[in-house]
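Could you walk me through this protein in the viewer, one selection at a time? I would like to know what to click next and what I will find there.

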Amino acid sequence: MFSNRQLIFPTAMLALSVGYLVSALSLGAPIAESGLTPSFFPMLVGAAAILFSSLLILQQLRETEAPDRPRDAPGHAHLWVVLAIFLYILAFRKLGYLVSSTAFVFALIVLFSSFEKLVQKALIALVVVGLGYVMFQQLFGVRLPTPWG
């Protein structure tokens, strides 16, 4: 199975995602008579991580590379993602949710696409972060950090 090095990361992520979901299941029922409980979001994230890891594995297994097509040089995207996460964690409390999350989502979008249509990508980042803000504030009742306290 691991003769293809491209399968190592998604398989490890799948294993971690299963462990995360099992841990989230121990938090209790995700929905109670009064609505969503604190275990809902971790279970949702765990299930989504399992789904996406499985899709990556299937995609890699189905991918057949033409013998005359040269392979792309291995990138260092994973290192940039780790750096972006580190900077996001540092900036989150000082800059607040909206600024730090918008910069983080924008950086990830640009990292995994091209440097074209930056305004459109910035708008997409704003929409994603705005939806997250509404979800946490209105649905979950979680107060997110802001730079003004």
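Here is a tour that starts with the whole chain and then goes from helix to helix.

**Stop 1: the whole chain**

Before selecting anything, keep in mind that this is a predicted model. Colour the chain by secondary structure and you should find four helices and two strands. Reading from the N terminus, their order is α-β-β-α-α-α.

Now switch on a surface. The accessible surface of the protein chain is about 11100 Å², with 72% of that area belonging to carbon and sulfur atoms. Of the 149 residues in the chain, 21% are buried. If you draw contacts between residues with a separation of 6 or more, 50% of them join residues 24 or more positions apart.

**Stop 2: helix α1**

Select residues 8-25, which form α1. This helix has 18 residues, and its first and last C-alpha atoms lie 26 Å apart, close to the 26 Å expected at 1.5 Å a residue. Next, show the side chains of Pro10, Thr11, Ser17, Leu21 and Ala24, the buried residues of α1. Turn the view to look down the axis: these buried residues fall within an arc of 140°, so they line one face of the helix.

What sits on the face turned away from that buried side? There you will meet the exposed residues Ala15, Leu16 and Val22. To see what the buried residues of α1 pack against, bring α2 into view.

**Stop 3: helix α2**

Select residues 40-62 for α2. The 23 residues of this helix should span 33 Å at 1.5 Å a residue, and the end C-alpha atoms are indeed 33 Å apart. Highlight Pro42, Met43, Gly46, Ser53, Ile57 and Gln60, which are buried in α2. The buried residues of α2 pack against α1, and those of α1 pack against α2, so keep both helices on screen for a moment.

While you are here, click on Ala48, which lies in α2. Is Ala48 buried, partly exposed or exposed? Its relative accessible area is 27%, and that makes Ala48 partly exposed, because buried means under 20% and exposed over 50%. For a distance to try out in the viewer, pick the C-alpha atoms of Ala48 and Leu21: they are separated by 9.6 Å, with the two residues 27 apart along the chain.

**Stop 4: the second largest pocket**

Stay with Ala48 and turn on the pocket display. The second largest pocket holds about 630 Å³ of space. Its lining consists of 17 residues, and those nearest the centre are Met13, Val45, Ala48, Ala49 and Phe52. Elements giving two or more residues to this lining are α1, α2 and α3. Which of them gives the largest share? That is α2, with seven residues.

**Stop 5: helix α3 and Ser100**

Select residues 77-111 to bring up α3, then zoom in on Ser100, which has its place in this helix. With 4% relative accessibility, Ser100 counts as buried. Show its contacts, leaving aside neighbours within four places in sequence, and you will find Tyr88, Ala91, Phe92 and Leu95.

**Stop 6: the loop to α4**

Follow the chain into the loop between α3 and α4 and stop at Lys117. This residue is worth a look on a Ramachandran plot: phi of Lys117 is near 55°, a positive value in a residue other than glycine. Its relative accessibility of 60% makes Lys117 exposed.

**Stop 7: helix α4**

Finally, select residues 118-139 for α4. At 1.5 Å a residue, its 22 residues should span 32 Å, and the end C-alpha atoms are 31 Å apart, which agrees. Colour the buried residues of α4, namely Lys121, Ala125, Val129 and Gly132. They cover an arc of only 65° around the axis, which puts them on the same side of α4. The general rule behind such patterns is that an α-helix has 3.6 residues a turn, so residues three or four places apart point the same way.

Rotate to the other side of α4 and you will see the exposed residues Val119, Leu123, Val127, Leu131, Gln138 and Leu139. Turn back again to find the buried residues of α4 packing against α3. One last click, just after α4, lands on Gly141, where phi is positive at about 70°.

Key: Residues are numbered from 1 along each chain as its sequence is written. This is a predicted model: local features need pLDDT of at least 70, side-chain atom pairs count only at pLDDT 80 or more; totals for chains, interfaces and linings use all residues. Side-chain values use heavy atoms; hydrogens and water are left out. Buried means under 20% relative accessible area, exposed over 50%, partly exposed in between (1.4 Å probe, protein chains only). Contact means heavy atoms within 4.5 Å. Accessible areas come from the Shrake-Rupley method with a 1.4 Å probe; for residues, only the protein chains shown count as cover. The expected span of a helix is 1.5 Å times one less than its number of residues. The arc is that of the directions from the helix axis to the C-beta atoms. On a 1 Å grid over the protein atoms alone, a cavity is a set of points where a 1.4 Å probe fits but cannot get out, and a pocket is an open set with protein on both sides within 12 Å along at least five of seven lines; lining residues have an atom within 4 Å of a point. Grid points are joined across faces, edges and corners, and a volume is the space filled by probe spheres set on the points.
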